[in-house]
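This report describes selected local features of a structural model. The sequence and the coordinates are shown first.

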Amino acid sequence: MFPTPIERTAAPTQALYKIALPISLLLWLAPLLAVMLTSVRSQGDIIAGNYWGWPTDFDLMENYLAVFQNSPIGQYIWNSFKVTIPTVIGAVALSCMTGFALAVYKFKGNLLLFFMFVAGNFIPFQILMVPVRDFTLQLGLYDTTMGLVLFHVAFQTGFCTLFMRNFIKALPFELIEAARVEGVSEVRIFWFVVLPLMRPAIAALSVLIFTFIWNDYFWATVLVQGKHALPVTAGLYSLNGQWIAAWHLVSAGSIVAALPPVAMFFLMQKHFIAGLTLGAVK
Amino acid sequence: MLHRIATTFGAAAIALSLTAGSALAGTLVINTDTSNPAPKAAFQALIDGFKAENPDIEVKWNLFDREGYKTSIRNFLTAEAPDVATWYAGNRMLPYVEAGLFEDVSDLWEQEGWNDSLKSAAASMTIDGKKWGIPYTYYQWGVYYRKDIFDQYGLSVPETWDDLLAVSKTLKENDVAPFTIGTKFLWTAAGWFDYLNLRVNGYEFHMDLTAGKASYDDPKVQAVFDRWSELVEAGYFIDNHANYSWQESLPFMVQGDAAMILMGNFAVAPLREAGLTDDQLGFFQFPEITPGLPKAEDAPTDTVHIPANAKNKEDAKKFLAYVARADVQTTLNASLGQLPVNSGSERPDDKFLSQGFDMLSDAYALAQFYDRDAPAAMAKAGMEGFQEFMVKPERKDAILERLTKIQQRVYK
Amino acid sequence: MSDITASSRFGGGGASVWRRNQRRIAPWLFLGPGILMFVLYVILPIFESVWISLYEWDGIGAKEFIGFGNYVELVDDDAFYTSLKNNVIWLVLYMLAPPAGLLIALFLNQNVRGIRLAKSLFFFPFVISQVVVGLVFSWFYDPSFGLLAELLRLVGLEPIPVLADERYVTYGIIIAGLWPQTAYCMILYLTGLNAVSADQIEAGRLDGAKGWRMLWFVILPQLRPATFIAVVVTVIGALRSFDLISIMTDGGPYGSSRVLAFFMYEQALSEYGFRMGYGAAIAVVLFLIMMVYIAFFLWRMNRDEKGGG
């Protein structure tokens, strides 16, 4: 293990480490802690300019209730789910198939297709913006969650294909060979042999895509306008315009908006990191 | 190619699923950008009133976010047009008029006698000699000030440029910033440019400049910036104004750190909400600069239009006629906190509105606002230049040079 | 047995065609939906953007062909050079994220109590939306009541309006962006460190390698895959920088914090924009810059594919 495990070092170093760890953590998260503290501040504190001192009152319930009562943030969050969940399902489903095809079959253009999906990941969104917006308009899906879902599914398929293809490549190919010798059809091989082995990859990708899509802001501003379809990221920004100087509400709103991906991360940490760090080890 | 095929399929499927609900006869679809609390309530009342008088018309009201609406309108006018849509007068209508997306309502103006009753806004509703909608509200711009602070230092309302400089000097000496402003979203700086320009050069030059007939390297523009420098270089605006939105700039005035703000009448509501009483808050017309020059004002006008692709134009016309009515505009504007355009409407009770009403009635002419009179690309570049000037006044020449170049390109 | 199921499902003659050719047909069946979506939403739009960039178009009226007019205008546009310059600053400073991430990873790669929680919490900034990060930092920088202003006052300095000063604004936003980006790199390195072979460390120790020498000669070479990914995601992150700028400054003051991605959006879709052709031209330039990286990445991947078999 590198660096040297702390328990093998001298006592002062150990003590130092144990002090340094929480302090560094505190500094690292200071901006977030400030937001949390502000989200429970009373309006009086905000007006009196007590932004950084200890709150005189803890208005936890009041502030969070106020956020839900005098803003459409509940609707925004619901919209975010309406965008995120279908996207996760769609992108993972498509990429299970594309990944399988690219990993298992040898055919002309295989590598080329694979590279097409990979390259798609790195494309600056801006080059897609005008045509995708037009296309969505023509489909009549502008300003709907469905319009966002279709685009996200298509775009995420690039990254997911890279992920799935590499994952399946690493599976023992003998399993597929054996099934073929048995005469099992290709579709059944996919469904009954490979798919069950892909569970960890599916879990990892789902968590990852959930976070990416939940946090998307750019496409939400490009493809959606009205509050009936606006996801919480873009919604929060428009609320920021209304809640001028009501920082306790902005903070509470921010925390509410951040909660689902954070919860997802803590619940599925192992999968999340597995997904993110694919390729970091070889 | 593939796109087009997919589009056709998609559109067909969606058309099938939608026709059931949307195109019912007797349904009037209204899209508005009145998402802020007061306008929202005002429009709710307006639409309720219309329904009460026209029980056979089913009204479907789509309320859009005010900022988002500016992009949404481009889409819904082409894709699924409502029967009525709100918008703004002046150059802001031009792209839609040119693209044939607004209905010509000149005959309605004739028939309903609006050429008379809505006369003050007629010019700003006209493009190519035709009228493209009706105005329902406007509001004055001017200087809102802290009367109590003025009294404290024995100051009186400035009537001339020299008065204004003297007042500012006294305030500054007493550690009160003469003017608060938040230029983060640029247009507040354009208010200053407009007023200095209207007072130094007059209405005609404002219109020529925004229409591209006069250039930014004109000495007249120089003269505007020279006056402006006198304020900027003396430090008569609050520090760090580029960091703030206009709302964020109000607390300086509320807390007494600044004494004046050049703003539209919509600033009154938040200032009152923040605790300023009508005894503390006053309003005055922007002072005279070039002696004897007739005073024109900025009075941005909000409007209602019938999209060319509307399905129910008959009822839409009824709605326009309703909105234009004197009594309806009185009520609507009372709750908007703005001024009715119809000359038959009642004079508002509110202190600031009645002052504005008188000021605008006497005005030599009404301009829309820099970013509504100039085309979008020019407005953006111009306002960035104004903001930059307010932060770095020494760059005046470079800024004007840049604006001249951009103007040549925009108006080719 | 499977033969029987297959033929009973697909029926007589068809079955044999399917059976004989299924290994050639199957990949295309699996690829079909994915390729269709990807082509419609990603590949075609790239070409369409290139095409639109040759037109003057406001998005509602008729398109007017102007050849390379938009590009000619771009070369003469100050805002373009401001954006380009800022893009370079973003790229260079974002490169601090991998080493910073490595440093934190080394710091956290221990087995003390609570370290798992500490690792998760360090990773936290990456999980939350950039909108939230942007709001938090705008507030941190606020010259009248932000934490930064308070700190400066504490040591007797004047508050700096970071986001309203053309000299600092880009750096201010980049710092906000580095926060989640460093967290991302950290997690990549933590995973990499987990996989570092213990034998080699021992061998290194026997050779007398310690501290920095050990890191440089033994550990870093083994972390190369992690470094590669970290650099790639960081470059992409830097070139995609849009959210934070849109939220923290809207490109200001007077356009000085623009980058190409934001400039493009502003020209094509914002309140004063709707110059679709001009926006598309900016996007094409951005795309070409990105292509350099894409090509590099694909080249490396191709090498690995060939090497790995």
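The following paragraphs treat a helix pair, a strand pair, a nonpolar core and two individual residues.

The model is predicted: local features need pLDDT of at least 70, side-chain atom pairs count only at pLDDT 80 or more, and totals for chains, interfaces and linings use all residues. Residues are numbered from 1 along each chain as its sequence is written, while chains are lettered from A and ligands numbered from 1 in the order in which they are written.

In chain B, helix α10 (residues 187-200) packs against helix α11 (residues 203-210) at an angle of about 130°, the axes being 7 Å apart. Helices are DSSP runs of H or I with at least four residues, and strands are runs of E with at least two, numbered from the N terminus. Axes are lines fitted to C-alpha atoms, for helices over the stretch in contact, and angles run from 0 to 180 degrees between N-to-C directions. The orientation of α10(B) and α11(B) is therefore oblique, a class left over once angles under 35 degrees (roughly parallel), over 145 (roughly antiparallel) and 65 to 115 (roughly perpendicular) are set aside. On the α10(B) side B:D194, B:N197 and B:L198 take part, and they meet B:Y203, B:F205 and B:H206 of α11(B).

Strand β7 (residues 141-146) of chain B pairs with β10(B) in the antiparallel sense over four bridges; pairing requires at least two bridges found by DSSP. Within this pair, B:Y144 stands opposite B:F283. Along β10 (residues 281-284) of chain B, B:L281 and B:F283 point to one face and are buried, whereas B:G282 and B:F284 point to the other and are not. A residue is buried if 20 or more other C-beta atoms, placed from the backbone, lie within 10 Å of its own, exposed if 12 or fewer, and partly exposed in between.

B:Y144 also belongs to the largest nonpolar core, of 299 residues, and is among the members that touch the most others, as is C:M186. Such a core is a set of buried Ala, Val, Leu, Ile, Met, Phe, Trp, Tyr and Cys residues joined through C-beta atoms within 7 Å. Beyond four places in sequence, C:M186 is in contact (C-beta atoms, placed from the backbone, within 7 Å) with C:G101, C:I104, C:A105, C:F122 and C:F123.

Two helix residues are set out below.

| Residue | Helix | C-beta neighbours inside 10 Å | Class |
|---|---|---|---|
| B:A398 | α20 (residues 396-410) of chain B | 14 | partly exposed |
| A:I176 | α9 (residues 174-181) of chain A | 20 | buried |

Beyond four places in sequence, A:I176 is in contact with A:V104, A:I189 and A:V193.

Technical notes
Contact = placed C-beta atoms within 7 Å.
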